[in-house]
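Me: I should like to learn how to read the features of a protein model. May we go through them one at a time?

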Amino acid sequence: MVKSGEVAWVQPKDKGTRPGPRSGHTTTCTREKAIIFGGCGVQEGRSAIFNETYFLKLAEPMTWELVDVMGDVPQPRWRHTATLLPGPTPKDFGANLLVFGGLNKGKRFNDTYVLDVDKKEWNIKECNGTPPPPRSHHTANLIQF
């Protein structure tokens with residue numbers, strides 16, 4: 001029993017197919033959904049690295065969706081970063097998700113992908129300047145001035 005002023009974790013009711021257990025994935029929240037990408041875990045009894053994209057609709061009832069994405073889908077990876085990008089208006093914030101770096105079987109990446117959340121489409125991005133060295137186990141934050 002939870003008393004007034006106490007905090008308790010609650011397992012919400014959800015439907016759909018959840019992603020399997022994993023680590024090193026990213027979970028990035030927009031106003032309406034959580035976006036889960038990549039990670040490593042076990043698949044069919046063997047270790048695996050994923051490039052799956054899942055959406056979890058946050059409104060009741062919470063619903064999982066393994067997204068049938070299009071475009072330049074990133075190679076499987078874990079220990080990458082995922083950052084929501086600003087849109088042209090505040091309403092558009094979170095319409096795009098940037099994924100950078102990560103690790104797959106000892107190979108580190110320094111590539112940049114952007115997911116158009118509404119279109120469910122990945123695109124690899126060529127960036128100006130000198131990219132940082134390949135990396136994993138890093139963090140990224142968006143700071144707006």
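Me: What is the order of the strands in the open sheet of five strands?

Reply: In general, strands of a sheet pair through backbone hydrogen bonds, and the pairing is either parallel or antiparallel. In this predicted model, the open sheet of five strands runs in the order β9-β15-β14-β11-β10, and its pairing is mixed.

Me: Which strands are the edge strands?

Reply: The edges are formed by β9 and β10, each of which pairs on one side only.

Me: How many bridges join β10 to strand β11?

Reply: Strand β10 is joined to β11 (residues 96-100) by five bridges, and the two run antiparallel. Within this pairing, T83 stands opposite L98 in β11.

Me: I should now like to turn to the side chains. How many salt bridges does the structure hold?

Reply: A salt bridge requires a side-chain nitrogen of Lys or Arg within 4 Å of a carboxyl oxygen of Asp or Glu. The structure holds four salt bridges. One of them is formed by the side chains of E52 and R22, at 2.7 Å from N to O. This pair links distant parts of the chain, 30 residues apart: E52 belongs to the loop between β6 (46-49) and β7 (53-57), whereas R22 belongs to strand β2 (residues 22-23).

Me: Are E52 and R22 buried or exposed?

Reply: Both E52 and R22 are buried.

Me: Which residue forms a salt bridge with R77?

Reply: The partner of R77 is D111, and their closest N and O atoms are 2.7 Å apart. R77 lies in the loop between β9 (70-71) and β10 (81-85), and D111 lies in the loop between β13 (107-108) and β14, so the salt bridge ties together parts that are 34 residues apart in sequence.

Me: Why does D111 count as buried?

Reply: The term buried applies under 20% relative accessible area. D111 counts as buried because its relative accessibility is 15%. R77 is also buried, its relative accessible area being 0%.

Me: Where do K120 and E65 lie in the chain?

Reply: The side chains of K120 and E65 meet in a salt bridge, with 3.0 Å from N to O. K120 is in the loop between β14 (112-116) and β15 (121-124), and E65 is in strand β8 (residues 62-66); the pair thus links distant parts of the chain, 55 residues apart.

Me: What is the relative accessible area of K120?

Reply: For K120 the value is 27%, and this residue is partly exposed. Its partner E65 is partly exposed as well, with a relative accessible area of 31%.

Terms used: Residues are numbered from 1 along each chain as its sequence is written. This is a predicted model: local features need pLDDT of at least 70, side-chain atom pairs count only at pLDDT 80 or more; totals for chains, interfaces and linings use all residues. Side-chain values use heavy atoms; hydrogens and water are left out. Helices (H or I, at least four residues) and strands (E, at least two) are DSSP runs, numbered from the N terminus. Buried means under 20% relative accessible area, exposed over 50%, partly exposed in between (1.4 Å probe, protein chains only). Two strands pair if DSSP finds at least two bridges between them.
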